[in-house]
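Thanks for coming, everyone. I'll bring the structure up now, and then we'll walk through it piece by piece.

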Amino acid sequence: MLRRCLLLAGFLLTWTAGAYAGLPAPGAVKRVPAVEAAAPGSGPYFVEARMRAAPGAVGQGYVIVRYRDDRNWLGFGLDAAAAGKLAVNIVRMVDGEPKFLKQVRIDPDAGDAFYTIRLDVDGAALTAYVNGTRLIGVDEPTPLPPGIGILAQGGQFEIDGLRAGDITQAPTSIGLVHRHKQLTLQLGDAPQRFAVRASRRGEVRAVPFSATSSDASVLEAGVDGDKLLLAPRGLGRAAVTLTSAEDPNVAVTLAVRVGEAFAAPAGRVPMAAGRVLPAAKERDVPVDTRLQIRFDQAPIIGENGSIRIVRAKDNVTVDVIRPGMELDEIGATRDGVKRVVRYKAISFDGATATIHPHDGKLAYGTGYYVLVDGNVFTGATLGGAPFDGIASRTAWAFRTREQAPRGITLRVAAKGKADFRTVQGALNHVMRNFPREQPVTIRLADGRYEGLLYLRGKDNVTLRGDSRHGAVITGENSDGINPGSGAGQLPLAPGATGGRSVFLVEDADLLRLDTLTLANTTWRSRTIGAQAEVLNFSSEGRLIANEVDFFSEQDTIQVKGYAWFYRSLVAGNVDFIWGYNRAALFEESEIRSVGDSANPSSGGYLVQARTVAEGDPGFVFLNSRLTHGPGPAGNDVAPGAAFLARPGVVAAWDSVRYINCSIGPHINAQGWHGRPRGGKGWEEGGSTDLAGRPLDLSQRVAGGVLAPADAARYDSRTKVFAQFANGKGWNPQPALAQDADPVERWGSKELTLDGPRDGNPFTEVELSATFRQGARTVAVDGFYDGEGQYKLRFMPDSTGEWEYETHTAIGRR
């Protein structure tokens, strides 16, 4: 096989096609001096190349970034396995033995696609990119010197565009605006136009590009200014490659499937009562309604076809929903940022099909009708008659409610009277219609709410369920569906980077989750990317979770900023509590390690801290229980198989504390796995077994055991959150609405808080509270009442629900 290498180093060098004919001998690295010379002599650098495996190849192709000899090097590349499986490896060869630092499976691109792979090398920090998008990072301290080369082990690989340069030359991606790499079209549809943009460190711009189709008889591809033009011509699949005219390494390959034309009987399909939701001719329908059809029995969902929602007044199609994975733009933020994700658009519960329209497609006071392609549901019957689709504009028509709700308390219910049918519908309303600081409560009726969520740019939002186990927010999402932790995208950003969590929160303060359940239903064993948060609180603000259950397997909770989990349950198995945080307190909560569906013998790790600053408290577990139980596959965690924490990354701090916690037998006697950064940050004090007996900590290796006086530094909310707002402090409380001792109007409500009793509490501790009812706020000062108790007294001047937040500053005078 001919090996082609285009040598670049931030700028185009000499074309050297054929310079490296054939493959290196097994295990032999082919050095590339010209590229080595282009890399910086010292400091951070990157190495990049376009690579693809030969058809049917099984083996690894590597680009070497550090090299001493053929038995000692550091590299990255593609790993091609049987059945078309593909992964990206970061590997270090140590005295001839491979040490796999990271392996991330990826979805193979369509056709004979090249992948632009890149590794940033910044000391020990390694970051891998595929087609300009970050894939994974890992730390690997190594004395190996820089050295660039190529290596094939087993299979055959073609490499093009090999280059190196200063790390400040950021990776660039190209793609369709707010679109994934997979598209579905139908014959008979008009040619489709998709905006194309390139992105580089948040800078989005139009670039000249070319577009080629692998099969013009199926799909014609062309360029119309800054848009990709796709015209379906025949049934089948085609790969469309977009390549920047400025840089051939900036490219992406799309997979496009062209299905049969929309087909449904022209006659009217009778819709018996109770068979569809919304009901035929129903009025006052919430604008975020799901569509449901109750068949006689569960049909098979076909690969082709579509369901279309059409505006009645002008016959304009406002939404097209297709089987399989669809792409959605979630959110109604004021800055136009959207969470762009893939999701499963049609699901079944028994014989009932639920169709999930795309976010925000329906308007208030508008009539719509639904068309159903006969290709979507195979073998379906409705009322004893074959169901071949709906083509009549009168068969399934409905009208949305005339105007949006106006109150500050919103009701979400899957059926019956409600403001919204979905949690995201309510969040969109809140983001769009309320000032940032305005407190708003979203009440969830008992029911199952399936779908990915996004909140951005709105403070003081409360999500409160009618019951903890009855109101369930759920979704299936993972690194294999939507790679990465996720972030919102600017209006013209390419690709889909909404991430793997069920609920993504950005730029929000005082989000309260109360009396409900959140679950990510992903099995680690059933996805190519197992990381699957149920919540990613990606904000420097504050989060409160009061009596909430969180379920997933890997990476259940990811948090930044400040978070308080009170009397809640967090269940998972691999690093299932983690994040670049300041302070997260898990108080009187249950931390449950569950059986791993992918690796039953592993008990995993509770925490991987990446705390921002050395002096931040990090992750603190206070008066909590560390338990174990069955995972989604039914297997439990073996005794001694789980660890309290493992190290994070060299750029952050391993800050984890367990204070007065009861610990189950699933935790290994050594407690900690590995060692924390700088040899400090892992601590525990007052640990017992689940029966309350003092735990033997003599085998602990890496963590410190705190004396009671030292453990007292973390024994209250006021101490853990004392650094908030430059020392203003934060003392979160459960909602006043849950107070068992309500007060009458003009009565006096007294709150008693525990706090420090040493020093001079009268002059060294400041205590205040803000009480809120709707848009009104009332500030109240507190006082020290002796014996370590502090009090606040509040006289409400109106009936209804009040919420409050306390503020504490210690030692400021």
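Start with a charge and a ring. The charged end of R118 sits over the ring of Y129, 5.8 Å from the ring centre. There is another case of this kind: R717 lies over the face of Y566, and here the distance to the ring centre is 5.2 Å. Keep in mind that this is a predicted model.

Now rings with rings. How many aromatic pairs does a search of the whole structure find? It finds 20. Take F621 and Y658. Their ring centres are 4.7 Å apart and their planes meet at 10 degrees, so this pair is stacked. Where do the two residues sit? F621 is in strand β55, residues 618-622, and Y658 is in strand β58, residues 656-659. The pair therefore ties together parts that are 37 residues apart in sequence. Are they buried or exposed? Both F621 and Y658 are buried.

Compare F794 and W802. That aromatic pair is edge-to-face, with 5.1 Å from centre to centre and 65 degrees between the planes. F794 has a relative accessible area of 5%, so it counts as buried. W802 is buried too, at 4%.

Back to F621 and Y658 for a moment. They belong to one aromatic cluster, together with F550, F565, F586, W672 and W682.

Some of those names come up again in the largest nonpolar core. This core has 66 residues. Which of them touch the most other members? They are I442, F503, L513, F550, V607, F621 and Y658. Helix α2 gives this core its largest share, five residues.

Let's look at L513 in detail. Leaving out residues up to four places away in sequence, L513 touches L463, F503, L518, L535, L543, I544, A545, N546, V548 and F550. Apart from this core lies another one, of 37 residues. Its members include A49, L74, V104 and I150.

Next, helix α2 itself. It covers residues 423-433. Nine of its eleven residues are buried, so the helix is largely enclosed by the rest of the structure. Which ones are buried? V423, Q424, G425, A426, L427, N428, H429, V430 and M431.

A strand shows a similar picture. In β13, residues 157-166, nine of the ten residues are buried, so this strand is also largely enclosed by the rest of the structure. What does β13 pair with? Strand β4, residues 45-53, pairs with it in the antiparallel sense, over eight bridges. Within that pairing, E48 stands opposite R163 in β13.

Now a residue in a loop. N477 lies between β43, residues 471-475, and β44, residues 503-506. Its relative accessibility is 0%, so N477 counts as buried. A polar atom of its side chain lies 3.2 Å from the backbone oxygen of R500. What else does N477 touch? Not counting residues up to four places away in sequence, the list is R339, L452, N482, G499, R500, S501, N520, T522 and A532.

On to sheets. Four strands form an open sheet, in the order β23-β25-β32-β31, with antiparallel pairing. Which strands stand at the edges? β23, residues 276-277, and β31, residues 346-349. Each has a single partner strand, so one side of each is left without a neighbour in the sheet. Further in, β25, residues 291-294, and β32, residues 352-355, run antiparallel and are joined by four bridges. One residue to find there is R294, whose bridge partner in β32 is T352.

Here is a hairpin. Strands β27, residues 307-311, and β28, residues 316-321, pair in the antiparallel sense over five bridges. V310 stands opposite T317 in β28. Four residues lie between the two strands, and in this hairpin N315 takes a positive phi near 60 degrees.

One last stop, G786. It lies in strand β66, residues 783-786. Its relative accessible area is 18%, and the cut-off for buried is under 20%. So G786 counts as buried. Its C-alpha atom is separated by 7.7 Å from that of R757, although the two residues are 29 apart along the chain.

That's the tour. Questions, please.

Methods:
Residues are numbered from 1 along each chain as its sequence is written. This is a predicted model: local features need pLDDT of at least 70, side-chain atom pairs count only at pLDDT 80 or more; totals for chains, interfaces and linings use all residues. Side-chain values use heavy atoms; hydrogens and water are left out. Rings of Phe, Tyr and Trp (its six-membered ring) pair if their centres lie within 6.5 Å; planes under 30 degrees apart count as stacked, over 60 as edge-to-face and the rest as tilted. Buried means under 20% relative accessible area, exposed over 50%, partly exposed in between (1.4 Å probe, protein chains only). A charge sits over a ring if NZ of Lys or CZ of Arg is within 6 Å of the ring centre and within 35 degrees of the ring normal. Two strands pair if DSSP finds at least two bridges between them. A nonpolar core is a set of buried Ala, Val, Leu, Ile, Met, Phe, Trp, Tyr and Cys residues joined through side-chain atoms within 4.5 Å. Contact means heavy atoms within 4.5 Å. A polar contact is a pair of N or O atoms within 3.5 Å; within protein, one must be able to donate a hydrogen and the other to accept it, and residues adjacent in sequence count only if both atoms are side-chain atoms.
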